[in-house]
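Hi there,

Here is the structure I promised to pass on. Have a look at it first, and then read my notes below.

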Protein chains: 2
Amino acid sequence: MAQAIPLRKHSPLKASCHQCSLSNLCLPLAIEENDLDRLEDIVQQGRIFNRGEHIFDQSTPFRSCFAVKSGSIKTSIITEGGEEQVTGFFMPGELVGLDSMGSKTYARTAKALERTSVCEFPVDKLEELTGKLPELQHHMYHMMSQEIQNSHQLAMLLSKNTAEERIAALLLSLSSRFQRRRLSPTNFSLPMARNDIANFLGLAVETVSRVFTRFQNQGLIRARGREVELLDVEALQAVTREFSRQGC
Amino acid sequence: MAQAIPLRKHSPLKASCHQCSLSNLCLPLAIEENDLDRLEDIVQQGRIFNRGEHIFDQSTPFRSCFAVKSGSIKTSIITEGGEEQVTGFFMPGELVGLDSMGSKTYARTAKALERTSVCEFPVDKLEELTGKLPELQHHMYHMMSQEIQNSHQLAMLLSKNTAEERIAALLLSLSSRFQRRRLSPTNFSLPMARNDIANFLGLAVETVSRVFTRFQNQGLIRARGREVELLDVEALQAVTREFSRQGC
DNA sequence: CGTCCAACTTGATTCATATCAAAGCCGTAT
DNA sequence: ATACGGCTTTGATATGAATCAAGTTGGACG
């Protein structure tokens, strides 16, 4: 489904938010069509990262936020003890690096889980622009507050819920995020390893594995490796109870 | 240690950030002395809330952020099942409501834990002002990103740490927050009940109680009801390991 | 085509913390 | 003073998930 290439005044190296299929999920959704050019002016057409490559590293100077165009990203903290703590997964249309806004250095490391392309928003330019476009500033506040809420929701999930509830919540979160992109909400492939899931959800890998098979035996899902099919979304929702989370 | 009262042009109903002893912790720290007037113009001298009174309620229209002047506040979410989930405690100099920025309604309920006075920042005015003062905008981003980081740190604490580690982390967090206000970091009174601590840390009340007595028996703290004395901060830090959190 | 290594699964045992149950403490109101 | 109710502590038991210990699968690569 190739897109027609319109005549644009910008250099071909610039990303074109106008044509981006993710513009309804990403920063552009905040602003008027005619202000979009100003956003395009600061966006840098991002590199492509291969699986395992770092988009940025914890403690290095904070320069940019990144929007995922395709692929997926995992963010994590390396503790003093050298252990990794996975803090989130980011899918196309989602913005990585908000947790470092206003800081001098990146608070986390971001790593491509697969071949991934991104758009880059240099923070100095971004802050300048949000100072001029109130809607964009408002949207930044909104996205950041959402991230606060999401991580509190995560904290709740981790502190009050069983392994089954956590995993059901993650599956449903991924499901709804695929759905937003008009992909199948019931049939997708996990971008991350069991290990990452376990780490993110505060569980042992073995437990994750066991819950997957338990869900499978109960007819809630079908899973072969990273391929997952949700067979009974209702039942999964019942498992998570009050946790209808929109993002991890 | 009464402060001299300078002649000011503002109405006596307005808060005076210039003289506030918390100005080095609060929003004013971001801006120049001469821009401070503009912040003062939008600040509303807050009401005093009695113990148990709500500063705002989850799902009601989001109008303002609040800075704690004295006392303390607890924020929580009420889940569909009607259960309370404590999401944070706020002490003087700290800003409540950031997690609702950019949203139409408050994401949480905020309740005074004791007699508490606040300063109120109406969001419409605040957003307008941050659009004009880049340093203030930057500071808002900074504070919001800090809150994202804090809640991820909390998620980590809840998912990977034992009851002892969580409680030690909370005690040390409170300690350093008292210290920032030039109060004793080792001798203070907890603003919240054991129940709130348990809820916040994802533990049973009984566990919190047991850990308190265990710490006491080990000579780490002395606790009588809400009065707490930290006897061995080093040891407490050792308990929390890598968790040197600056805020809950 | 087979070897190797990492990712994943399965089973047995242990341990921290929840849960259930009951008693003690303290402030407040009668 | 005394009694009530909420908060806190203590004890006994149950349980979900971690840990330890083998396997098993599957993809990458010679």
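Three helices each supply at least two residues of the surface near DNA strand D: helix H6 (205–217) of chain A, plus helix H5 (194–201) and helix H6 (205–217) of chain B. H6(B) gives the most to that surface, with four residues. Keep in mind that this is a predicted model.

So how many residues surround DNA strand D in total? There are 16, and the closest are A:Ala163, A:Thr207, A:Arg210, A:Arg224 and B:Thr213. Sorted by class, the surface near DNA strand D has six charged, six polar and four nonpolar residues.

Now for the DNA side. Of the atoms of DNA strand D that come within 4 Å of the protein, 58% belong to sugar and phosphate. You can find some of the phosphate contacts yourself:

- A:Ala163 has a polar backbone atom 2.5 Å from a phosphate oxygen of DNA strand D.
- A:Ala204 also uses a polar backbone atom, and here the distance to a phosphate oxygen of DNA strand D is 3.1 Å.
- B:Arg194 brings in a polar side-chain atom, which lies 2.9 Å from a phosphate oxygen of DNA strand D.

Last, try comparing the two protein chains. A turn of 180° with a shift of 0.0 Å along the axis lays chain A on chain B, with an RMSD of 0.1 Å. The two copies are therefore related as by a two-fold rotation axis. Both copies use the same surface, too: 100% of the contact residues of chain A recur in chain B.

Have fun with it!

Notes:
Residues are numbered from 1 along each chain as its sequence is written. Chains are lettered from A and ligands numbered from 1 in the order in which they are written. This is a predicted model: local features need pLDDT of at least 70, side-chain atom pairs count only at pLDDT 80 or more; totals for chains, interfaces and linings use all residues. Side-chain values use heavy atoms; hydrogens and water are left out. Copies are superposed by least squares on the C-alpha atoms of residues with pLDDT of at least 70 in both. Contact means heavy atoms within 4.5 Å. A residue is near a molecule or strand if one of its heavy atoms lies within 4 Å of it. A polar contact is a pair of N or O atoms within 3.5 Å; within protein, one must be able to donate a hydrogen and the other to accept it, and residues adjacent in sequence count only if both atoms are side-chain atoms. Ala, Val, Leu, Ile, Met, Phe, Trp, Tyr, Cys and Pro count as nonpolar, Asp, Glu, Lys and Arg as charged, and the others, Gly among them, as polar.
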